[in-house]
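Please walk through the fold of this chain, starting with its sheet and ending with residues outside it.

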Amino acid sequence: MLKFYFKAKTYKDFDNSNVSQLIYNILELNDSHYRITEIENIRKTLKRDSRTINIRDLGAGSTFSKENIRSINSIANSALSPKWQCHLLYKTINEFMPENILELGTSLGISTSYLAIGNPSSTVTTLEGSEAVASIAMENFAKLRLKNIKLVYGDFDNTLPILLKNMKEIDFAFIDGNHKKEATIKYFQQILKKSTNHTIMVFDDIHWSKGMENAWEEIKKSDSIKLTLDFFSFGIILFDKRFGSGNHYSVIERKFKLWK
Ligand SMILES: C[S@@+](CC[C@H](N)C(=O)[O-])C[C@H]1O[C@@H](n2cnc3c(N)ncnc32)[C@H](O)[C@@H]1O
């Protein structure tokens, strides 16, 4: 963490104005959206929901415990991307307006909802392997009246190849499930086949374990990558040459490096 902190750059430290502007827009701009309040109200309700559900243990190394019975509030408190990260996803979608959005790991549907409001004319396809969790996510999409989400239930190993076969290209992918090294590298390679130079990929929990750190280092070696941005809890990959020629940076909000 300390190593990351001292290495991390702020938007002011880049010569490439496209990179600097992108980081400013997604990390520093404090714009809001009335729908964010609605989504965060759902998150609050989930954090108070003591109903229990039987979850499928996919052995995915996620924050889910090995117990099969979980309360919704314990999932809401441990497995979901925090508000600031969801907001950053929303702003990234808003910046690039991707049409075909893919998410691996729906859970209760909070990050999915942020992806969906980022570009209401997009189609967000989200994959979840635990049926009971997926049905709560569906309830939340209905409460939020989000019509541009398709939830596909099943193990990524089965659902992802079929889905990719039927999709022409992926414009944006958020990979947030099965935090194992081999699986993460495999998802990257599978999605890469449907990527173009405007595709954006976001990998969650890139420093969560040694295996995830190794996966991130391995993925960064791909020749087609033009820029990676490491925000510590997640990393963003861009393939557009406007953003460089294979550069890798750690990035932090300017307020955390005020003396600079
Ligand atoms: C960390 S949670 C996703 C959180 C969500 N993206 C958010 O931020 O609101 C990961 C989810 O991925 C699902 N998952 C993990 N491994 C999976 C697999 N191999 N196939 C399908 N779903 C899987 C889990 O059931 C869990 O709901």
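The paragraphs below take the sheet, one of its strands, the helices and two aromatic residues in turn. The model is a predicted one.

Eight strands make up an open sheet, and their order across it is E5-E4-E3-E6-E7-E9-E8-E10. The pairing in this sheet is mixed. Strand E5 (149-153) and strand E10 (247-250) are at the edges; each has a single partner strand, so one side of each lacks a neighbour in the sheet. On average, and with direction ignored, neighbouring strands of the sheet are turned by 15° against each other.

Strand E7, residues 200-204, is a useful place to look in detail. Five of its five residues are buried, which leaves the strand mostly covered. In a regular strand, side chains alternate between the two faces of the sheet. In E7, Ile200, Val202 and Asp204 lie on one side, while Met201 and Phe203 lie on the other, and all of them are buried, so both faces of the strand are covered by the criterion of 20 or more other C-beta atoms within 10 Å.

What are the partners of E7 in the sheet? One is strand E6 (residues 172-175), which runs parallel to E7 and is joined to E7 by four bridges. Within this pair, phenylalanine 172 stands opposite isoleucine 200. The other is strand E9 (residues 234-238), which is antiparallel to E7 and joined to E7 by five bridges. Here valine 202 has isoleucine 236 as its bridge partner. Isoleucine 236 of E9 is also the bridge partner of leucine 229. E9 pairs with strand E8 (residues 227-230) in the antiparallel sense, over four bridges.

Helices pack on this sheet as well. Helix H8 (residues 156-166) touches strand E3 (100-104), strand E4 (123-128) and E5, and the direction of H8 makes about 155° with that of E4. Helix H9 touches E3, E6 and E7, and its direction makes about 170° with that of E6. H9, which covers residues 181-192, also belongs to a β-α-β unit with E6 and E7, and this unit is right-handed.

Another packing involves two helices. Helix H3 (residues 34-48) packs with helix H6 (residues 110-118) at an angle of about 170°, and their axes are 10 Å apart. An angle over 145 degrees counts as roughly antiparallel, so H3 is roughly antiparallel to H6. On the H3 side the contact involves Arg35, Ile39 and Arg43, which meet Ile110, Ser113, Tyr114 and Ile117 of H6. By class, the residues of this contact are four nonpolar, one polar and two charged.

Two aromatic residues complete the tour. Tryptophan 208 sits in the loop between E7 and helix H10 (210-220). Is tryptophan 208 buried, partly exposed or exposed? It has 17 other C-beta atoms within 10 Å and is therefore partly exposed. Along the sequence, tryptophan 208 and histidine 179 are 29 residues apart, and their C-alpha atoms are 8.2 Å apart in space.

Phenylalanine 256 is in the segment after E10. With 10 other C-beta atoms within 10 Å, phenylalanine 256 is exposed, because a count of 12 or fewer defines that class. The C-alpha atoms of phenylalanine 256 and tyrosine 5 are separated by 9.0 Å, although the two residues are 251 residues apart along the chain.

Key: Residues numbered from 1 in each chain as written. Predicted model: local features only at pLDDT ≥ 70, side-chain atom pairs only at ≥ 80, totals over all residues. Pairing = 2+ DSSP bridges. Right-handed = clockwise from strand over helix to strand, strands pointing away. Axes fitted to C-alpha atoms, helices over the stretch in contact; angles between N-to-C directions. Contact = placed C-beta atoms within 7 Å. Parallel < 35°, antiparallel > 145°, perpendicular 65-115°, else oblique. Nonpolar A, V, L, I, M, F, W, Y, C, P; charged D, E, K, R; others polar.
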